[in-house]
Amino acid sequence: MSSHREAPEIAKDPVADNTDVYAFVSPDRPETVTLIANYIPLQEPAGGPNFYEFGDDVLYEIHIDNDGDALADITYQFRFETEVRNPDTFLYNTGPITALDSPNWNRRQFYTVTRLEEDGTSKVLGRHLACPPCNIGPLSTPNYEELAKAAIHQLPGGGQVFAGQRNEGFYVDLGAIFDLLDIRPLQNLHLFPRPPQPGVDATKDLNVHSIALQVPKSSLTREGYAATDHKNPRSVIGVWASASRQKVTLHDHEQEPAHTGPWVQVSRLGNPLFNEVIVPLGKKNLWNRLAPKDDAAFVQYVEHPEVARLLPVLYPGVFPHLQALTAPRADLVAILLTGIPAGLIDGFQNFTGSKPADLLRLNVAIPPASKPNVFGLLGGDLAGFPNGRRVFDDVVTIELRAVAGATYPLIDHHYMPDAAVSKLTGGVSPRTNYLKHFPYLATPKSGFEVPAS
């Protein structure tokens, strides 16, 4: 979770595994939008001697749809290249890494950023941009924050980019969620009851590799619209990320593998938890290969989500209204597949049209909240999920409550959610270590700080 090891095939290929996508109006630079795509899930900080890195043989992309057809109008492509200074040592570094060009750093990684337009034209925005090293420990990577800061690169047109290791920002009681949805604070109500207890943040000491991009709003909207009116359809963009590999890999026992042929998508992600808990096991690999324009095939799983059927079974007598709700879940279709049309929530819309597609939809005309609420729209915060997604949004709780019926009154004013819905939770408290500036995700944990489990 949110999309970590969510399908059988991509679980075998972590370097190409999308984990989380974020899209939000930058709180400290509200004239810009920040897009973040994370990969390589559940990294143990003590990862030596071969520390984590992006795949040189993977095409990483962040896509933006700004006209509602579920096709990319703008794509930012990222290609990585690893350089080894000394192949005759097993060491990642031979002394302290005090700068990105430190001679002590033996295995460095660089990348190229290219912007691709819908008509096929492209522009290289940056070449040979340096990634920071992984956070190894106080002797190898002293003052890691300065190394990460040096790896923020300015782009033409007022943008900036970062690619490298970060602390995992997605918080969840992973062990409880997949142990028959045993939410620890509510487990006294479970089919197999036990005394309630605090949740366990399973990912707080793990890391991830992040691609973060911050660009002016007008560089993403249709026709360069300045996004001054939240009611204007041009203020809404749809965002998703993907990873692709070339179709053919040739192995020679004397050389590195050679890759050739067209690129084939192996992973994608828009909304958190979509493939994780909406798509059934037999179709998860297929979903990762398809484009959002093909998501009509998955509408039935949004209209009748399995979790909504499981909650009344696993928590007997706790969700009687949900158990009786058999109508297709038009509220969830709006949240996940079409965007929320105007008129349902005062002062808000992020509707992209009737074509169903798993996109993270962001109305860029809605300014950052002065007092953000981690429950986003459910907490009355129009700048939060599912209006895009900020790094601190409690998406597990938001989606659990929505699936349990919290948002169905938007469709049927006579429906009354079960009393327990407001107490449903992902089980853990939000983190407090996020940065207040780009790239927003916290400094990665070091291997010295958090030994391998």
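## A tour from sheet to helix

Start by selecting strands S7 and S8, which pair in the antiparallel sense over three bridges. Keep in mind as you look around that this is a predicted model. To see one of the pairings up close, click on Leu155: its bridge partner in S8 is Gly159.

Now widen the selection to the whole sheet. It is an open sheet of five strands, and you can follow them in the order S1-S2-S9-S8-S7, with antiparallel pairing. At its edges you will find S1 (18-25) and S7 (153-155), each of which pairs on one side only. Turn the view to follow the twist, which averages 20 degrees from one strand to the next.

Next, go to the end of S8 (159-167) and step into the loop that leads to helix H2 (174-177); Glu168 lies here. Which side chain of opposite charge is nearest to Glu168? Select Arg431, which is 6.3 Å away; Glu168 is buried yet has no salt bridge. Show the surroundings too: beyond its neighbours within four places in sequence, Glu168 is in contact with His4, Asp20, Thr203, Leu206, Asn207, Val208 and Arg431.

For the last stop, select helix H9, residues 395-406. Its end C-alpha atoms are only 14 Å apart, short of the 16 Å that a straight helix of its twelve residues would reach at 1.5 Å a residue. Eleven of the twelve residues are buried, so H9 is largely enclosed by the rest of the structure. Among the buried ones are Val395, Glu399, Arg401 and Gly405. To see what surrounds them, add H2, H6 (306-314), H7 (320-324) and H8 (330-338), the helices that the buried residues of H9 pack against.

Note on methods: Residues numbered from 1 in each chain as written. Predicted model: local features only at pLDDT ≥ 70, side-chain atom pairs only at ≥ 80, totals over all residues. Heavy atoms only, no water. Helix = DSSP H or I, 4+ residues; strand = E, 2+ residues; numbered from the N terminus. Buried < 20%, exposed > 50% of the residue type's maximum accessible area, 1.4 Å probe, protein only. Lys, Arg positive; Asp, Glu negative; His and termini not counted. Salt bridge = Lys/Arg side-chain N within 4 Å of Asp/Glu carboxyl O. Contact = heavy atoms within 4.5 Å. Expected span 1.5 Å × (residues − 1). Pairing = 2+ DSSP bridges. Axes fitted to C-alpha atoms, helices over the stretch in contact; angles between N-to-C directions.
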